Amino acid sequence: MHRPLHSVFARAPAAALCGLGAAISLVARAQTPALAPPFTDVHTIASASTAVPVEEQFDIANAGTYQVTLTDLGALETPAAPLAAVKLAITKGTQLVGTPLIGPGTLQFTATSPGTYVIRVVGMPGVQPGSGPIGLEVGNPAALYTFSDNLALPGAALPNGEAVINDTFTLSAPSGSYTLTMQDFMLPDALTLATLILIPEGAAQPLAILPDPGSQATQVSVNLTQGVTYRLLAVALPGASGAGLLGASVTSGSTVIRGSVVPVGVTQFVKTVALGAGAYTGRLTDLAYPNPLTQLAGVITLSGQLVATLAPGTIQNFNAVAGTYQVFVAAAPAAASPAAGSYSVLVQPSSGAPSLSTARVVSAPGSAAQAYSFDTQVGGAGSYVVNLANFSFPVSLTSLRLATVQGGALLSTPLANAGTMNITAAAGPLTLLVLAQADPVQGGVFDVNLTPKGSTNLLFDATQGVVGNTLTFLARKITLDSSGTYLLNLTDVGFPADFANIAALISQGSSSVGTIYGSNQLAITGKPGDYFVSLIAQPANADQAGTYALSMALAPVPTVTLTPSATQVASGATVTLTWTSTDATSCTASDGWSGSQAVNGSAVSSALTSTTNFTLTCDGAGGSQAKTVTVTVTGPSGGGGGGAIDFWLLGLIAGLAASRQRRRAH
């Protein structure tokens with residue numbers, strides 16, 4: 001259960017305390033793996049300025065009546081820290097189950113069949129410290145499942161550039177005295193605010209607060225117990241530069257038990273790098289693309305401890321022990337248009353290939369240009385082509401730029417618009433830097449990919465949406481294992497309300513395969529390979545959230561049934577033909593009848609005078625299917641020309657026979 005923290009952070013500004021609530025749910029979610037049809041992907045998403053929706057999955061073994069109870073845990077604290085808003089719904093597949101809950105309480109629903117159900121919660125934390133945690137219980141009526149989670153703003157939406165540490169560890173070393181340290185890395189200057197607590201999980205009071213309330217010391221001894229789980233909680237505000245870096249560590253002598261580092265303000269976490277023991281150099285370079293940076297500084301850390309300080313234009317020597325290191329950089333671009341710049345980082349052993357070679361592009365806070373950096377690997381030296389595509393979805397991007405960096409240098413003249421760039425690259429890491437600007441209301445999507453010169457084989461491919469705070473974007477990678485016609489379905493599930501706009505683009509490399517607007521279906525002719533489905537949505541409700549469903553499967557081949565009212569009739573009679581079809585969009589008649597027909601229906605034939613075939617061919621996204629029936633025509637339908645002619649012929653024959661007999665008699 002979430003414990004009160006207001007007394008611990010009594011010295012911190014209210015804005016910073018809001019970040020503490022956000023910390024509890026800022027757990028990195030694994031990147032969604034590539035999907036292979038058939039699949040159904042259902043998620044609740046929210047705008048960048050709204051709390052991250054909560055999704056909890058549970059299984060029901062037996063049909064029946066169940067209930068879900070939502071508790072606002074912050075409202076139970078003293079003083080109370082209630083949520084500003086909260087809504088809950090249950091879904092099974094793409095369908096809402098029961099009536100959504102508005103506010104804390106109990107939702108009763110009927111599970112008509114066993115299966116997997118999902119609890120979906122949207123809302124906003126309140127302004128009071130500690131607002132955000134929720135409790136969920138599924139019962140029948142006894143509790144079957146219990147969950148705890150937190151409604152919190154995404155990290156990018158935290159106000160004033162603040163940052164939080166929310167880290168837990170279980171002490172596996174022997175019980176005893178340890179050292180708790182809070183470190184301001186001065187990257188590039190002192191933090192405005194930095195506060196850290198160490199608290200046993202589930203306890204009401206912390207073991208330590210830093211800076212110490214009396215001495216203002218940033219290091220203190222603490223007694224820890226083996227097997228107990230502890231939580232490191234910290235909040236920080238950037239310095240005058242708008243940047244900063246905060247570290248927290250628990251050590252025993254030179255041994256680090258636990259270490260965490262969080263970038264503050266515009267400081268970026270660049271990358272982790274695994275280093276072996278030995279001598280290394282670090283180099284930080286201003287690439288001056290598209291404009292020089294006005295601020296650039298970096299550090300390399302290990303387990304929350306400073307290892308090396310990086311400054312542009314200088315080479316930093318340091319000795320490493322085997323471990324996984326982290327690189328952080330604080331960079332600020334000039335005010336020139338576009339307000340963006342870039343830098344590279346190289347970490348290299350005394351001999352051999354670089355251990356880390358990467359680059360990043362940054363834009364100024366509030367700038368219309370958004371910055372994206374993509375790391376990839378080139379397998380062998382040679383000529384390559386970088387493709388930058390503006391999909392004009394849902395509208396064209398207003399600006400799009402690309403630069404390619406390897407070994408701390410630009411490889412070619414950057415692109416100022418969508419197009420292709422020829423580069424000569426060495427084997428090893430390669431970074432693609434993109435600056436994009438979109439319509440703030442509708443957004444846009446671009447793709448960047450890498451191919452060997454003269455080949456269409458994609459070595460790297462990434463599709464990216466460019467959206468503002470009122471839009472949401474996500475991309476799903478889809479792998480098709482076989483050729484065929486596939487149906488892609490987009491559905492607005494309607495929780496907590498319908499989207500104002502929702503659309504999806506499916507693409508492969510730089511080519512758009514098709515688009516869907518609103519709840520709709522798209523048929524595509526697919527070949528084996530990787531595709532991206534890009535979704536842009538605009539929530540229209542006060543919750544600034546919505547739920548979508550994407551599904552894809554091979555289009556089924558239509559089925560056709562065709563039945564005549566009789567399979568054998570007399571000449572001149574008619575038959576009634578009745579037919580049904582599935583997965584068909586149109587049907588066409590041929591042979592004994594003709595013309596376009598409904599996908600289900602009936603029709604009366606013309607008069608039949610001979611055995612006749614009737615064929616109905618139905619077409620759908622998955623192909624065509626034909627059905628043929630035969631109606632046999634037999635003797636006369638009673639009286640008429642045919643019978644009279646036969647009687648006349650018999651009479652004529654009889655007359656001729658009598659005449660011959662008279663001649664013989666004479």
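## Reading strands, contacts and salt bridges

Guide: Let us start with one residue: setting aside residues up to four places away in sequence, Gln183 touches Leu245, Leu246, Gly247, Gly304 and Leu306. Please keep in mind that this is a predicted model.

Visitor: Thanks! Where does Gln183 lie?

Guide: Gln183 belongs to strand β11, residues 176–184. With a relative accessible area of 23%, Gln183 is partly exposed. One of its contacts shows how the fold brings distant sequence together: Gln183 and Leu306 are 123 residues apart in sequence, yet their C-alpha atoms are 9.1 Å apart in space.

Visitor: There is another glutamine I would like to read. Is Gln597 buried or exposed?

Guide: Gln597 has 19% relative accessibility and therefore counts as buried, since the buried class covers values under 20%. Gln597 is found in strand β45, residues 595–597. Beyond its neighbours within four places in sequence, Gln597 is in contact with Trp579, Cys587, Ala589 and Leu616.

Visitor: Now to strands. How should I think about their pairing?

Guide: The general idea is that strands of a sheet pair through backbone hydrogen bonds, in either a parallel or an antiparallel way. A good case here is strand β15, residues 229–237. Strand β10 (residues 163–170) is joined to β15 by 8 bridges, and the two run antiparallel. Strand β12 (residues 193–200) also pairs with β15 in the antiparallel sense, over 8 bridges.

Visitor: Which residues of β15 are partners of Thr168 and Thr195?

Guide: Thr168 has Arg231 as its bridge partner in β15, while Thr195 stands opposite Val235.

Visitor: And how many residues of β15 are buried?

Guide: For β15 the count is 8 of 9 residues, so the strand is largely enclosed by the rest of the structure.

Visitor: Can you show me a strand that takes part in a hairpin?

Guide: Look at β28, residues 399–406, where 6 of the 8 residues are buried. β28 forms a hairpin with β29, with 2 residues between them. In the turn, Gly407 has a positive phi of about 60°. The antiparallel pairing of β28 with β29 (residues 409–410) consists of 2 bridges, and Val405 stands opposite Leu410 of β29.

Visitor: How many bridges does β28 make with β31?

Guide: β28 and β31 (residues 428–437) share 7 bridges, again in the antiparallel sense. To find the pairing on screen, try Leu402, whose bridge partner in β31 is Val434.

Visitor: What is the order of strands in the open sheet?

Guide: When reading a sheet, remember that side chains in a regular strand alternate between its two faces. The open sheet here has 4 strands in the order β34-β39-β36-β37, with antiparallel pairing. Its edge strands, β34 (472–480) and β37 (511–517), each pair on one side only. From one strand to the next, the twist averages 20°. Within this sheet, β36 (residues 499–508) and β39 (residues 529–539) are joined by 8 bridges, and Phe499 stands opposite Pro539 of β39.

Visitor: Let us finish with charges. How many salt bridges are there?

Guide: The idea is that side chains of opposite charge can pair when their charged atoms come close. In this model the count comes to 8 salt bridges. One of them joins the side chains of Glu55 and Arg120, at 2.4 Å from N to O. Glu55 sits in β2 (residues 54–60) and Arg120 in β7 (residues 115–124), so this pair ties together parts that are 65 residues apart in sequence. Glu55 is partly exposed at 27% relative accessible area, whereas Arg120 is buried at 2%.

Visitor: Which strands hold Asp167 and Arg258?

Guide: Asp167 and Arg258 form a salt bridge at 2.9 Å, N to O. Asp167 lies in β10 and Arg258 in β17 (residues 255–265), so parts 91 residues apart in sequence are tied together. Asp167 is buried, with a relative accessible area of 13%, and Arg258 is partly exposed at 31%.

Visitor: Where do Asp530 and Lys477 lie?

Guide: The side chains of Asp530 and Lys477 meet in a salt bridge of 3.7 Å, N to O. Asp530 is in β39 and Lys477 in β34, 53 residues apart. Asp530 is partly exposed at 34% relative accessibility, and Lys477 is partly exposed with a relative accessible area of 35%. Finally, Lys271, Arg360 and Asp375 are joined into one network by salt bridges that share partners.

Note on methods
Residues are numbered from 1 along each chain as its sequence is written. This is a predicted model: local features need pLDDT of at least 70, side-chain atom pairs count only at pLDDT 80 or more; totals for chains, interfaces and linings use all residues. Side-chain values use heavy atoms; hydrogens and water are left out. Buried means under 20% relative accessible area, exposed over 50%, partly exposed in between (1.4 Å probe, protein chains only). Two strands pair if DSSP finds at least two bridges between them. Axes are lines fitted to C-alpha atoms, for helices over the stretch in contact, and angles run from 0 to 180 degrees between N-to-C directions. Contact means heavy atoms within 4.5 Å. A salt bridge is a side-chain nitrogen of Lys or Arg within 4 Å of a carboxyl oxygen of Asp or Glu.
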